[in-house]
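User: Could you take a close look at one part of this model for me? I would like to understand the charged side chains that pair up and what surrounds them.

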Amino acid sequence: TFRNSMTPREVCEGFFRHVKDVILTQIKLLSKKRGVKFEKEFSVSIVHPPKVGKEYINELIRLCEITFDQTPSKVISSTKAIGMLAKYNRVIGRGDSLLIFDMGEEDISVSKVFVSDKDDLYVDGVNGHMEPLHIGGINVDYTIAEYIEKGIRERDTIGTPSTGSGQAGHV
């Protein structure tokens with residue numbers, strides 16, 4: 001809860017503390033739900049809107065540093081992040097391309113993502129804007145959490161075998 005006497009800076013810092021609490025809570029819940037112990041600390045990456053300036057990005061970095069006690073390991077635009085996710089999930093492969101529409105409050109920008117024959121990912125911005133369109137969306141937070149859980153569920157984990165399994169050591 002934020003008080004009306006707080007400065008915008010204090011509100012942002014409070015929001016990032018809230019985000020950290022949510023992340024730590026979700027890690028604990030995921031650990032309990034999947035029976036996996038996370039022994040390493042997590043690293044923070046920043047995904048920012050594509051048309052923001054250096055001052056905006058620097059403020060996000062500052063907020064991460066004071067909240068998480070670390071410099072972000074990666075800082076990329078949302079357009080590039082979407083392209084990387086599409087490649088990672090094999091939505092696009094060598095020689096394929098797709099268009100990403102960034103629908104902001106004031107305009108829509110288009111970027112082309114292309115995977116070369118050498119499997120390199122390229123993101124090209126395209127100039128030109130249109131009036132914004134209202135498009136319904138999904139709850140992004142839950143979608144990301146489900147995506148992470150699915151990835152963990154599909155991987156083998158290392159641990160002590162179940163009691164009575166007859167296996168010694170670690171799996």
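Here is a walk through the salt bridges and their setting.

Analyst: Happy to help. Please keep in mind that this is a predicted model, in which local features need pLDDT of at least 70 and side-chain atom pairs count only at pLDDT 80 or more, while totals for chains, interfaces and linings use all residues. Residues are numbered from 1 along each chain as its sequence is written, and side-chain values use heavy atoms, with hydrogens and water left out.

First, the setting. The protein chain has 4 helices and 5 strands (DSSP runs numbered from the N terminus, with helices being H or I of at least four residues and strands E of at least two). Read from the N terminus, their order is α-β-α-β-α-β-β-β-α. Of its 171 residues, 22% count as buried (buried is under 20% relative accessible area, exposed is over 50%, and partly exposed is in between, with a 1.4 Å probe and protein chains only).

Now to the charges. Side chains of opposite charge can pair when their charged atoms come close. Across the whole structure, a search finds 5 salt bridges (a side-chain nitrogen of Lys or Arg within 4 Å of a carboxyl oxygen of Asp or Glu).

One of them joins the side chains of Glu13 and Arg62, at 3.0 Å from N to O. This pair links distant parts of the chain, since Glu13 sits in helix α1 and Arg62 in helix α2, 49 residues apart. Glu13 counts as buried because its relative accessibility is 17%, and Arg62 is buried too, with a relative accessible area of 17%. Helix α1 covers residues 8-34. Leaving aside residues up to four places away in sequence, Glu13 touches Arg62, Leu63 and Ile66 (a contact means heavy atoms within 4.5 Å).

Arg62 has another partner: Glu59 forms a salt bridge with Arg62, and their closest N and O atoms are 2.8 Å apart. Both residues of this pair lie in helix α2, 3 residues apart, which is about one turn of the helix. Glu59 counts as partly exposed because its relative accessibility is 29%.

What does helix α2 connect? Helix α2 (residues 54-68) makes a right-handed β-α-β unit together with β1 and β2 (right-handed means that, with the strands pointing away from the viewer, the path from the first strand over the helix to the second runs clockwise). Strands β1 and β2 (residues 74-77) pair in the parallel sense over 4 bridges (strands pair if DSSP finds at least two bridges between them). Within that pairing, Val47 has Ile76 of β2 as its bridge partner. Strand β1 (residues 45-48) has Ile46 and His48 on its covered face and Ser45 and Val47 on its uncovered one.

Elsewhere, the side chains of Asp119 and Arg94 meet in a salt bridge of 3.9 Å, N to O. Asp119 lies in the loop between β4 (108-115) and β5 (121-126) and Arg94 in the loop between α3 (78-88) and β3 (97-103), so this pair ties together parts that are 25 residues apart in sequence. Asp119 counts as partly exposed because its relative accessibility is 30%, whereas Arg94 is exposed, with a relative accessible area of 57%. As for the pairs around Arg62, salt bridges that share partners join Arg9, Glu13, Glu59 and Arg62 into one network.
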